[in-house]
Amino acid sequence: MSGTPRSATPAVLIPFFIVTLIWGSTWIVIRDQLGVVPASWSVTYRFVIAGVTMLLWAWWRGDRIALDRRGLLFALGLGFAQFCLNFNFVYRSEQYVTSGLVALMYALLVVPNALLARIFLGQRMGRQLLVGSVIALAGVALLFLHEAREHPENGSAVVLGLAIALAGVFSASVANVMQATSTAKAYPMVPLLGVSMLIGAAIDAAYAGATVGAPVFDWRWSYVGGLLYLGIVASAVAFTLYYGLIRTIGPAKAAYNGVVVPVIAMLLSTLFEGYRWSPLAGGGALLALAGLVVALKARRPNR
């Protein structure tokens with residue numbers, strides 16, 4: 001007798017929707033982090049806050065914080081891919097395109113997640129996932145075309161911004177698949193993430209110091225409040241829930257929160273950034289989301 005699919009249980013659905021709501025709002029918050037403070041330093045501050053929060057939580061839970069050599073090497077790889085490369089790409093991409101468009105690019109995370117899971121975890125890809133991915137990519141192409149028509153003078157900047165976002169998507173995907181490996185599951189998640197975040201922050205700081213100079217800070221309440229929100233809620237809380245989903249249902253299905261996240265982000269971008277819609281942009285967004293829904297409805301996207 002077949003029971004409820006594991007991906008449809010409250011233990012999966014509740015954290016899934018919490019993560020979706022949190023990350024749907026972060027893109028517009030990141031926008032306010034740009035300006036006075038160089039992007040690399042904003043990323044550094046975010047993950048110092050997140051890492052310290054995670055280790056304090058691990059200490060309160062009674063988790064063993066010290067990692068052996070294998071754990072430290074894993075934390076180094078995870079910190080570099082997720083908390084250094086990925087977020088430096090995210091922050092820089094928003095200097096060229098609206099936060100909603102960057103969020104839509106990250107909705108395509110399901111594609112490299114499924115591909116890398118096939119290569120490194122031996123999970124077979126479903127045909128419906130491939131069809132949905134092609135539809136979604138066609139939608140993104142229409143959004144590119146809309147941006148090129150709306151801002152022909154900024155065409156190269158838009159292409160650069162979206163290319164940077166794609167690099168971030170790939171970096172995030174590498175980290176996602178790492179979380180589904182046996183090595184990740186051998187260590188308690190909270191201290192492992194805390195150490196990874198602090199390692200990532202250290203790399204971020206070294207890069208920032210080498211490229212933009214000494215630390216800079218912005219004492220505006222919106223910057224400080226946004227930094228705390230991004231560090232504690234959007235990083236410490238959300239990544240714990242999201243990586244828990246990856247360990248439970250796999251990286252391909254976990255990435256499906258990207259179906260709803262860009263909808264929230266695009267609405268906020270319209271309200272606060274003045275994003276202007278056109279039939280072409282609307283069609284592209286709907287096509288991208290439709291493709292992701294097709295992929296989502298696949299019975300066995302990765303098995």
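Let's start in the middle of this predicted model: its largest nonpolar core takes in 81 residues, and Trp23, Tyr91, Tyr242 and Tyr243 are the ones with the most contacts inside that core. Helix H10 is the biggest contributor, giving ten residues to the core. That fits a broad pattern: in soluble globular proteins, nonpolar side chains tend to end up buried together.

Tyr91 is a good residue to click on. Setting aside residues up to four places away in sequence, Tyr91 touches Ile30, Gln33, Leu34, Ala39, Ser42, Val43, Arg46 and Leu230. Apart from this big core there is another one, of six residues, and its members include Val37, Tyr45, Ala208 and Tyr223.

Now zoom out for the overall plan. The protein has 13 helices and zero strands, so if you read along the sequence and count under the DSSP definition, you meet helix runs and no strand runs. Of its 303 residues, 52% count as buried. The contacts reach a long way along the chain, too: among those between residues at least 6 apart in sequence, 91% join residues at least 24 apart.

Two pairs of residues let you see that kind of reach for yourself. Leu13 sits in helix H1, and its C-alpha atom is 9.3 Å from that of Leu245, although 232 residues separate the two along the chain. Leu13 is partly exposed, at 33% relative accessibility. For the second pair, go to Ala281 in helix H13, which spans residues 279–296. From Ala281 to Leu145 the C-alpha distance is 8.2 Å, with their positions 136 residues apart in sequence. Ala281 is buried, with a relative accessible area of 0%. Its contacts, leaving aside neighbours within four places in sequence, are Leu143, His146 and Tyr275.

Next, a polar residue on the inside. Asn88 belongs to helix H3, residues 69–93. Is Asn88 buried or exposed? At 8% relative accessibility, Asn88 counts as buried, because the cut-off for that label is under 20%. What does the side chain of Asn88 pair up with? One polar contact, at 3.3 Å, goes to the side chain of Ser40, and another, at 2.9 Å, goes to the side chain of Asp204. Both of these partners also appear in the contact list of Asn88, which, without neighbours within four places in sequence, reads Ser40, Val43, Asp204 and Tyr207. Val43 may ring a bell: Tyr91 touches Val43 as well.

On to the charged pairs. How many salt bridges does a search of the whole structure find? The count is three. One of them links Asp32 and Arg220, with the closest N and O atoms 3.4 Å apart. Asp32 lies in helix H1 (residues 10–32), while Arg220 is in the loop between helix H9 (189–211) and helix H10 (221–249), so this bridge ties together parts that are 188 residues apart in sequence. Both ends are partly exposed: Asp32 is at 28% relative accessibility and Arg220 is at 35%.

Arg220 also forms a salt bridge with Asp218, where the closest N and O atoms are 2.8 Å apart. Asp218 is buried, with a relative accessible area of 7%. Through the shared partner, Asp32, Asp218 and Arg220 are joined into one network. The remaining bridge runs between Arg61 and Asp63, again with 2.8 Å between the closest N and O atoms. Arg61 is partly exposed, with a relative accessible area of 45%.

Finally, the outside. The protein exposes about 13600 Å², and carbon and sulfur atoms supply 69% of that area. For a nonpolar patch on the surface, look at Val48, Val52 and Leu56, which together have about 240 Å² of accessible area. Leu56 lies in helix H2, residues 39–61. With a relative accessible area of 53%, Leu56 counts as exposed, because that label starts at over 50%.

Definitions and conventions: Residues numbered from 1 in each chain as written. Predicted model: local features only at pLDDT ≥ 70, side-chain atom pairs only at ≥ 80, totals over all residues. Heavy atoms only, no water. Salt bridge = Lys/Arg side-chain N within 4 Å of Asp/Glu carboxyl O. Helix = DSSP H or I, 4+ residues; strand = E, 2+ residues; numbered from the N terminus. Buried < 20%, exposed > 50% of the residue type's maximum accessible area, 1.4 Å probe, protein only. Core = buried A, V, L, I, M, F, W, Y, C linked by side-chain atoms within 4.5 Å. Contact = heavy atoms within 4.5 Å. Polar contact = N/O pair within 3.5 Å; in protein donor to acceptor, adjacent residues only side chain to side chain. Areas by Shrake-Rupley, 256 points an atom, 1.4 Å probe, with all protein chains shown as cover. Patch = residues over 30% accessible without salt bridge, like charges linked within 9 Å, V, L, I, M, F, W, Y side chains within 5 Å.
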